[in-house]
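Me: I want to go through this structure label by label. For each label, give me the value, the rule and the conclusion.

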Amino acid sequence: MQETKPFNISKRAFVKAFELVKANKGAYGIDEQTIEMFEENYKNNMYKLWNRMSSGTYFPKPVKAVDIPKKNGGTRTLGIPTVEDRIAQMVAKLYFEPNVEKMFYYDSYGYRPNKSAIQAIEITRQRCWKRDWVLEFDIKGLFDNIRHDYLMEMVKRHTKEEWIILYIQRWLTTPFQLSDGRLVERNSGTPQGGVISPVLANLFLHYTFDDFMVKEFPTITWARYADDGIAHCVSLKQAKYLQRRLIERFKAFGLELNLEKTRIVYCKDDERRGDYTHTSFDFLGYTFRPRRSKNRYGRYFINFSPAISNKAKKAIRKNVKSWKIQLKVDKNINDLSSMFNKRIQGWINYYGHFYKSEMYGVLRYVNQKLKYWVRRKYKKLNSSRRAERWLGQIALREPNLFAHWKMGILPAVSNGSCMS
């Protein structure tokens, strides 16, 4: 006689969930089991997980707490579930996300299918040209402070599957395990690092902010990427009023505006020359501010536009420095390309969309580190000029070796024909 389960969950969903978790890679949880270790006993592990979730006996393991540094100082705590729990969350996400995704608004860009930060930056750029004022806001500790009672009410609106409701509740209350083994109970928030967390955060902010803006302020355009948001206002008075209303709104849902990162900005350009305190803001790694631009007729003008932020430049330099290229004298130039070129290309892909020239200084810094490597590896090239000349000749011969070389950010050569 065939065994019946309380919950009808497709086995195909588990197969798809595993493939997605495997593709996302990610660190291991408290059990130190990697995706490769899980895959070694794939059929047995998958059957056990399906059986427990289908029967209601699945309980997630504690979430591994990992502190990572923020760009602006301090740390952010990530919650890393085990591989098994990531697969379980992905199964729930596959069922639940389509129910809410069709409801979300166009201008919610974070952690959504076919949405990106670059899209948010592009629409913000266009709207800054049309509206004089921007309210830039940041929600303090969003992933730590989401109220569970409100969130579960929202979840229940969008699924009739009892198992999804049951397991989301369990994931929300699963304790953190610290590096010393201590367990910390959680009464609010959804761990940043969990597979299901982004869609839950978007659901919470859909009702807290997005829907509120559409209904209460239909003439104010906005863009939101997770806990970072922008609203475009027609006057300083309107921006101040909106900020007051948002402080009240977020407070009613247990959240708080980070007033240190929230500001009202005047989008100054050639047409708008008012003298105001704030004429720039940062959004998703870009700084929006007045910049000198050239039109198609060759004339210069002041344009309010985005380019890579100083914080992002500093973070990239710190990352490049951590590679310690100059110490890798056992490697050849092709090895270094294999090790680091994808990351360089990634930075160019993201920060090169707008005002690309602002990136050049950071990319020259990569060349500088490569030059130090040349001087250490080849004793005959121990002078700066000789190292630059050797590296410049390589760059001319093989410009595809590093992504920034293809852009023309080349090391200097002695005859001056290849200056960075």
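Me: What makes the lining of the second largest pocket divide into 5 nonpolar, 4 polar and 3 charged residues?
Reply: This is a predicted model, and the lining consists of V21, N24, K25, G26, A27, I80, R86, M90, K93, G193, G194 and V195. Ala, Val, Ile and Met count as nonpolar, so V21, A27, I80, M90 and V195 belong to that class. Lys and Arg count as charged, so K25, R86 and K93 go there. Gly falls among the polar residues, so G26, G193 and G194 join N24 in that class. The split is therefore 5 nonpolar, 4 polar and 3 charged.

Me: Which elements give two or more residues to that lining?
Reply: They are α1 (11-24) and α4 (83-101). The largest share, 3 residues, comes from α4. The space in this pocket is about 230 Å³.

Me: Why is the pair of Y150 and F253 called edge-to-face?
Reply: The ring centres are 5.6 Å apart. Pairing requires centres within 6.5 Å, so the two rings pair. The planes stand at 70 degrees. Over 60 counts as edge-to-face, so the label follows.

Me: What parts of the chain does this pair link?
Reply: Distant ones, 103 residues apart. Y150 is in helix α7 (residues 148-157), and F253 is in the loop between α10 (236-252) and β8 (263-266).

Me: Why is Y150 called partly exposed?
Reply: Y150 has a relative accessible area of 25%. Buried means under 20% and exposed means over 50%. The value for Y150 lies in between, so Y150 is partly exposed.

Me: And F253, buried or exposed?
Reply: Buried. F253 has 15% relative accessibility, which is under 20%, so the label holds.

Me: How many aromatic pairs does the rule give?
Reply: The count comes to 34. One aromatic cluster is formed by F7, Y58, Y95, W163, Y167 and W171.

Me: How do you know that R186 is buried?
Reply: Its relative accessible area is 7%. The cut-off is under 20%, so R186 is buried. R186 sits in the loop between β5 (183-184) and α9 (197-216).

Me: What does R186 touch, not counting residues up to four places away in sequence?
Reply: R186 touches H148, W171, L172, T173, T174, P175, F176 and P191. These count as contacts because heavy atoms come within 4.5 Å. The C-alpha atoms of R186 and R127 are separated by 40 Å, with their positions 59 residues apart along the chain.

Me: What makes S305 buried?
Reply: S305 has a relative accessible area of 5%. That is under 20%, so S305 is buried. S305 lies in strand β11 (residues 300-308). Leaving aside neighbours within four places in sequence, S305 is in contact with T287, F288, R289, R291 and Y355.

Me: Why is E271 called exposed?
Reply: E271 has a relative accessible area of 72%. Exposed means over 50%, so E271 qualifies. E271 is found in the loop between β8 and β9 (281-283). The C-alpha atoms of E271 and I333 are separated by 50 Å.

Me: What share of the protein chain is buried?
Reply: Buried residues make up 47% of the 420 residues. The chain exposes about 22000 Å², and carbon and sulfur atoms supply 48% of that area.

Me: How many helices and strands does the chain have?
Reply: The chain has 15 helices and 11 strands.

Key:
Residues are numbered from 1 along each chain as its sequence is written. This is a predicted model: local features need pLDDT of at least 70, side-chain atom pairs count only at pLDDT 80 or more; totals for chains, interfaces and linings use all residues. Side-chain values use heavy atoms; hydrogens and water are left out. On a 1 Å grid over the protein atoms alone, a cavity is a set of points where a 1.4 Å probe fits but cannot get out, and a pocket is an open set with protein on both sides within 12 Å along at least five of seven lines; lining residues have an atom within 4 Å of a point. Grid points are joined across faces, edges and corners, and a volume is the space filled by probe spheres set on the points. Helices (H or I, at least four residues) and strands (E, at least two) are DSSP runs, numbered from the N terminus. Buried means under 20% relative accessible area, exposed over 50%, partly exposed in between (1.4 Å probe, protein chains only). Accessible areas come from the Shrake-Rupley method with a 1.4 Å probe; for residues, only the protein chains shown count as cover. Rings of Phe, Tyr and Trp (its six-membered ring) pair if their centres lie within 6.5 Å; planes under 30 degrees apart count as stacked, over 60 as edge-to-face and the rest as tilted.
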